[in-house]
Amino acid sequence: MLVLECVPNAVGADITSMLDIPTIGIGAGPDTSGQIIVLYDILDIAPGRKPRFAHNFLKGRDSVGAAIAAYVEGVKDASYPAPEHCFAE
């Protein structure tokens with residue numbers, strides 16, 4: 001497994017296509033084998049500047065469990081990461 005962090009979408013996609021192992025993206029676009037984001041960014045509870053790939057999955061939900069479920073669903077249905085969570089070249 002290889003973790004790709006804060007790279008342009010095209011780079012994440014290219015590296016993923018060249019490897020026979022899974023790639024896990026954190027700010028590496030939607031074309032990696034999987035996604036990861038820290039819980040503080042899923043819940044939007046970290047103080048200060050937020051990373052571009054952070055998304056508040058708790059907003060509009062009534063529990064931490066519902067926020068985590070929304071994150072999982074967003075990754076599975078490819079709605080996360082959306083273009084606003086990605087880095088351009």
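A nonpolar patch of about 590 Å² sits on the surface of this predicted model, built from Val 38, Leu 39, Tyr 40, Ile 45, Val 64, Ile 68 and Val 72. Two elements give two or more residues each to the patch, namely helix H2 (39-43) and helix H3 (64-76), and H3 gives the most, with three. Tyr 40 is part of helix H2. Patch residues have over 30% relative accessible area and no salt bridge; nonpolar side chains (Val, Leu, Ile, Met, Phe, Trp, Tyr) are joined within 5 Å, and like charges within 9 Å. Areas come from the Shrake-Rupley method with a 1.4 Å probe, and for residues only the protein chains shown count as cover. Helices (H or I, at least four residues) and strands (E, at least two) are DSSP runs, numbered from the N terminus.

As for the numbering and the model, residues are counted from 1 along each chain as its sequence is written. Local features need pLDDT of at least 70 in this predicted model and side-chain atom pairs count only at pLDDT 80 or more, while totals for chains, interfaces and linings use all residues; side-chain values use heavy atoms, with hydrogens and water left out.

Then there is the inside. The largest nonpolar core (buried Ala, Val, Leu, Ile, Met, Phe, Trp, Tyr and Cys residues joined through side-chain atoms within 4.5 Å) has ten residues: Ile 26, Ile 37, Ile 42, Leu 43, Phe 53, Phe 57, Ala 67, Ala 70, Tyr 71 and Tyr 80. H2 and H3 each supply at least two of them, with the largest share, three residues, coming from H3. Setting aside residues up to four places away in sequence, Phe 57 touches Ile 42, Ala 67, Ala 70, Tyr 71 and Tyr 80, where contact means heavy atoms within 4.5 Å.

Ala 54 lies in the loop between H2 and H3. With a relative accessible area of 17%, Ala 54 is buried, as buried means under 20%, exposed over 50% and partly exposed in between (1.4 Å probe, protein chains only). Beyond its neighbours within four places in sequence, Ala 54 is in contact with Ile 37, Asp 41 and His 85. Ala 54 and Tyr 40 are 14 residues apart in sequence, and their C-alpha atoms are 9.0 Å apart in space.

Finally, the charges. The model holds one salt bridge, a side-chain nitrogen of Lys or Arg within 4 Å of a carboxyl oxygen of Asp or Glu. The partners are Lys 50 and Asp 44, at 3.7 Å from N to O. Lys 50 counts as partly exposed at 34% relative accessibility, and Asp 44 counts as partly exposed at 35%.
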